[in-house]
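Subject: Structure for you to look over

Dear colleague,

I am handing over the structure we spoke about, and I would be glad if you could read the notes beneath with the coordinates open beside them.

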Amino acid sequence: MPYDHRKLLALPLALTACAALAACGGGSATQATRTADAKATGAVPAGPPRTVLPLTGRTVVIDPGHNPGNFRHSREINQKVDIGSGRKECDTTGTSTGAGYTEAAFTLDVSHRLRDLLEAQGAEVVLTHDADRPFGPCIDERARTGNAARADAVVSVHADGSATGNRGFHVILPARVRAGAADTTKIVGPSRILGEDIARHFARATGTAPANYLGSGTGLDIRDDLGGLNLSTVPKVFVECGNMRDPKDAALLTDAAWRQKAARGIADGIRTYLKG
């Protein structure tokens, strides 16, 4: 076949254009080969690092004190259960403000707010109940829920029913109890640290003072007669957020904005404890 001199002259120009295209990232054969190889091996270009939330991998059990339906099931909740150091009622109705705002309604509201705050920080949150049962659970079952979840921390949310003039919050810590099914030996120390962290942050978030009627101004109280603490095998405390029978405390407890502050204080205390 005779040579076409026009094709021979065009060849250097084509090679120059091809090299220029490759240098500008214009889809060279080498680039295409690399892309194909990456797809074949399953390699994916690294993206921005994923944000790890502070409480990722931690489990917190929230125990809303009492149940709105308890008052309709007095026979059931009056049945006594073993709490290690003795026997005590399955549960109680809880207290209320003078205007009828119940402790059960308060604890459930604060527990929901607390759950949302903790989940936003990556924690897995378990509630012992969500008013989704007629009454209870009993205090021994509440303890078992935290134990079964192998919770890093358990907080039981309450409000007190003391005399008028008694004001402020307090955190109840487990005493050293070793009797029957109860053995708090391993949780006394960590529970105290959890309680101290919550008390400090609760005061800061709500602007309220520790109870003026127990705890010698520390906001901490140690008890050996609560089944929810005696039967726990994981760090656990009760938070009494205020006194529902005192009008000034009741005004706080019935205020939604204050309840959000209370939940924030508890959440901050739990986070401080879990982060060490």
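What follows is an account of what was found, beginning with the whole chain and moving on to one helix pair, one strand and a few backbone details.

Please keep in mind throughout that this is a predicted model. The protein has nine helices and ten strands, and 43% of its 276 residues are buried. If one takes the contacts between residues at least 6 apart in sequence, 81% of them join residues that are at least 24 apart.

The helix pair is α4, which covers residues 103-120, and α9, which covers residues 256-275; their axes come within 9 Å and cross at roughly 50 degrees. Since an angle that is neither under 35 nor over 145 degrees, and not in the range 65 to 115, counts as oblique, α4 is oblique to α9. The crossing of these two helices is right-handed. On the α4 side the contact is made by Phe106, Asp109, Val110, Arg113, Leu114, Leu117 and Leu118, and these meet Ala256, Trp258, Arg259, Gln260, Ala263, Arg264, Ile266, Ala267 and Ile270 of α9. Sorted by class, the residues in this contact are eleven nonpolar, one polar and four charged.

Helix α9 deserves a closer reading. Its 20 residues, at 1.5 Å a residue, should span 28 Å, and its end C-alpha atoms are 28 Å apart, which agrees. The buried residues of α9 are Trp258, Arg259, Ala262, Ala263, Gly265, Ile266, Ala267, Gly269, Ile270, Tyr273 and Leu274. An α-helix has 3.6 residues a turn, so residues three or four places apart point the same way. The cover over the buried residues of α9 includes, besides α4, the strands β1, β5 and β10 and the helices α6 and α8. Just after α9, glycine 276 takes a positive phi of about 70 degrees.

Strand β1, which is among the elements covering α9, contains two residues that I looked at individually. Threonine 59 is in this strand and is buried, its relative accessible area being 12%. Residues up to four places away in sequence being left out, threonine 59 touches Glu124, Ala149, Ala151, Asp152 and Ala153. Aspartate 63 also has its place in β1, and it counts as buried because its relative accessibility is 2%, where the cut-off is under 20%. With neighbours within four places in sequence again set aside, aspartate 63 is in contact with Thr128, Arg142, Val155, Ser156, Val157 and Lys236.

Lastly, there are some backbone details to check. Most residues other than glycine have a negative phi, and most peptide bonds are trans. Glycine 136 and proline 137, however, are joined by a cis peptide bond, with omega about 10 degrees, and proline 137 is found in the loop between β4 and α5. Alanine 131 lies in the loop between β4 and α5 as well, and its phi is positive, near 55 degrees; at 36% relative accessibility, alanine 131 counts as partly exposed. Serine 216, in the loop between α6 and β9, likewise has a positive phi near 55 degrees, and at 77% relative accessibility serine 216 counts as exposed.

With kind regards

Note on methods. Residues are numbered from 1 along each chain as its sequence is written. This is a predicted model: local features need pLDDT of at least 70, side-chain atom pairs count only at pLDDT 80 or more; totals for chains, interfaces and linings use all residues. Side-chain values use heavy atoms; hydrogens and water are left out. Axes are lines fitted to C-alpha atoms, for helices over the stretch in contact, and angles run from 0 to 180 degrees between N-to-C directions. Helices (H or I, at least four residues) and strands (E, at least two) are DSSP runs, numbered from the N terminus. A crossing is left-handed if the near helix is turned anticlockwise from the far one by less than a right angle, and right-handed if clockwise. Contact means heavy atoms within 4.5 Å. Ala, Val, Leu, Ile, Met, Phe, Trp, Tyr, Cys and Pro count as nonpolar, Asp, Glu, Lys and Arg as charged, and the others, Gly among them, as polar. The expected span of a helix is 1.5 Å times one less than its number of residues. Buried means under 20% relative accessible area, exposed over 50%, partly exposed in between (1.4 Å probe, protein chains only).
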